[in-house]
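User: I have a protein model to study and would like to work through it step by step. Can you take my questions in turn?

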Amino acid sequence: MPLNAVVLAAVLCLIVLSPFAVGIRTGSGRITTNGDNGRNEFSKLGPFTEAPEYRNGKECASSSSANREKSFDPSLVHIAMTLDSEYLRGSVAAVHSVLRHASCPENVFFHFISAEFDSASPRVLSQLVRSTFPSLSFRVYIFREDTVINLISSSIRQALENPLNYARNYLGDILDRSVDRVIYLDSDVIVVDDITKLWNTELTGTRVIGAPEYCQANFTLYFTSNFWSDPALPGEISGRRPCYFNTGVMVMDMVRWREGNYREKLERWMQLQKKKRIYDLGSLPPFLLVFGGDVEAIDHRWNQHGLGGDNVRGSCRSLHSGPVSLLHWSGKGKPWVRLDEKRACPLDRLWEPYDLYNKHKIERAKDQSLLGFASLSDLADDSIFL
């Protein structure tokens with residue numbers, strides 16, 4: 001077969017077998033931008049300080065670089081996150097927090113899902129991650145938004161209608177089949193504990209996902225009168241414990257996910273939503289309908305959520321009672337926005353040390369200097385250590 005025909009056949013095979021995403025880079029290799037346009041895209045995303053190089057201790061299981069780059073190594077902790085221009089600063093801070101507190105940071109492998117039509121190309125986002133975390137093991141996948149765009153209905157907040165919010169539904173199709181378990185994290189979190197503890201969560205019985213649960217939930221708040229007045233729909237959740245869980249932090253068994261066709265189960269509820277509006281809250285209600293009452297309960301310390309405030313005003317919130325391993329700014333308000341606008345909530349200061357966006361830190365240091373709290377030497381230290 002001629003070489004051109006072989007290449008064409010390979011491309012067609014890739015398209016047929018990967019309808020949801022295509023991986024564009026992996027491991028530690030460098031990539032280049034496409035001319036001046038690529039460099040301009042990169043610079044518009046703002047200067048990020050290179051993170052410290054976090055290394056494994058002697059107690060960590062050995063991990064060969066060859067296997068790590070291919071994500072096959074059984075010692076790896078797999079984390080999936082979305083990566084886009086709007087929440088990039090949050091994603092970078094989240095990665096930084098995971099590495100800073102991980103007992104074996106070199107054994108953490110990130111799977112970034114990037115939108116096909118983001119204002120910053122997935123290739124440029126990948127380059128930025130590499131320049132900020134030179135030793136990070138990761139892969140970037142291009143999420144084909146047209147696979148879900150026709151299933152998305154309007155929500156109470158426009159941000160919840162972003163197709164990338166639904167990428168978690170497609171992880172079983174997007175990720176390599178060798179990845180049999182993954183931690184899914186939203187981009188507006190910071191981890192202040194060893195991520196391995198969360199990774200070691202046991203999913204008992206036939207459970208597919210694990211997450212912190214709240215079993216005094218009032219499910220009438222999550223579904224519309226169209227749902228409750230239907231003669232059949234309430235029976236779908238009848239007899240289940242009314243347990244709410246936030247989908248921004250989940251431990252997921254990808255083998256059971258694929259075997260149980262859970263992507264299709266979520267899509268069926270989304271299709272019904274298009275015909276008969278049964279909920280208002282974006283991507284969360286289908287997960288409650290499919291998994292509610294059958295989730296492996298994880299300690300609440302692993303998702304102190306709601307710190308972004310409510311979905312309308314974005315008001316300040318305090319922590320739930322108890323210890324904290326992960327803080328989650330779910331809701332309208334994001335810490336990087338409030339910090340830049342000098343209207344930070346008290347807990348936003350806990351996010352700030354993980355922020356690697358250099359422009360923000362320089363401006364903040366200048367403000368402190370004007371007030372007499374910082375000298376030039378302080379500014380240099382700030383740039384290095386925060």
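User: Is Thr247 buried or exposed, and what is its relative accessible area?

Analyst: This is a predicted model, and the value is computed from it. The cut-off for buried is under 20% relative accessible area. Thr247 falls under that cut-off, so Thr247 counts as buried, with a relative accessible area of 6%.

User: Which side chain makes a polar contact with the side chain of Thr247?

Analyst: Start with the place: Thr247 lies in the loop between strand S9 (244-245) and S10. Leaving out residues up to four places away in sequence, Thr247 touches Arg168, Tyr184, Leu284 and Phe287. A polar contact of 2.8 Å links the side chain of Thr247 to that of Arg168.

User: How many residues of strand S10 are buried?

Analyst: S10 covers residues 249-253. Side chains in a regular strand alternate between the two faces of the sheet. In S10, Val249, Val251 and Asp253 point one way, while Met250 and Met252 point the other way, and all are buried. The count of buried residues in S10 is five of five.

User: Which residue stands opposite Met250 in S10?

Analyst: Look at the pairing with strand S5 (residues 181-185). S5 and S10 are antiparallel and share five bridges. The residue opposite Met250 is Tyr184.

User: And which residue stands opposite Val251 in S10?

Analyst: Turn to strand S7, residues 209-211. S7 and S10 run antiparallel and are joined by two bridges. Opposite Val251 stands Gly210.

User: Which helix gives the most to the largest nonpolar core?

Analyst: The largest nonpolar core has 47 residues. Leu171, Ile209, Phe245, Met252, Trp257 and Phe291 touch the most other members. The helix that gives the most to this core, with six residues, is H11 (residues 284-291).

User: How many residues are in the other core that lies apart from it?

Analyst: This core lies apart from the largest one. Its members include Leu88, Ala94, Val95 and Ala120. Its size is 41 residues.

User: Which residues in H11 are in contact with Trp257?

Analyst: H11 spans residues 284-291. Leaving aside neighbours within four places in sequence, the contacts of Trp257 include Arg168, Ile209, Met252 and Leu266. From H11, the contacts of Trp257 are Phe287 and Phe291.

User: Why is helix H4 described as largely enclosed?

Analyst: H4 runs over residues 88-101 and reaches 20 Å from its first C-alpha to its last, close to the 20 Å expected. Its buried residues include Leu88, Arg89, His96 and Leu99. H4 is largely enclosed by the rest of the structure because the buried residues number twelve of the 14.

User: Is Gly309 buried or exposed, and what is its relative accessible area?

Analyst: Gly309 sits in the loop between strand S11 (296-297) and strand S12 (326-328). Leaving aside neighbours within four places in sequence, Gly309 is in contact with Gly314, Ser315, Arg317, Ser330, Gly331 and Lys332. Gly309 is buried, and its relative accessible area is 5%.

User: What distance separates the C-alpha atoms of Gly309 and Trp329?

Analyst: Along the chain, Gly309 and Trp329 are 20 residues apart. In space, their C-alpha atoms are separated by 7.7 Å.

User: What share of the residues in the chain is buried?

Analyst: The chain has 15 helices and twelve strands. It holds 386 residues. The buried share is 53%.

Technical notes:
Residues numbered from 1 in each chain as written. Predicted model: local features only at pLDDT ≥ 70, side-chain atom pairs only at ≥ 80, totals over all residues. Heavy atoms only, no water. Helix = DSSP H or I, 4+ residues; strand = E, 2+ residues; numbered from the N terminus. Buried < 20%, exposed > 50% of the residue type's maximum accessible area, 1.4 Å probe, protein only. Pairing = 2+ DSSP bridges. Polar contact = N/O pair within 3.5 Å; in protein donor to acceptor, adjacent residues only side chain to side chain. Contact = heavy atoms within 4.5 Å. Core = buried A, V, L, I, M, F, W, Y, C linked by side-chain atoms within 4.5 Å. Expected span 1.5 Å × (residues − 1).
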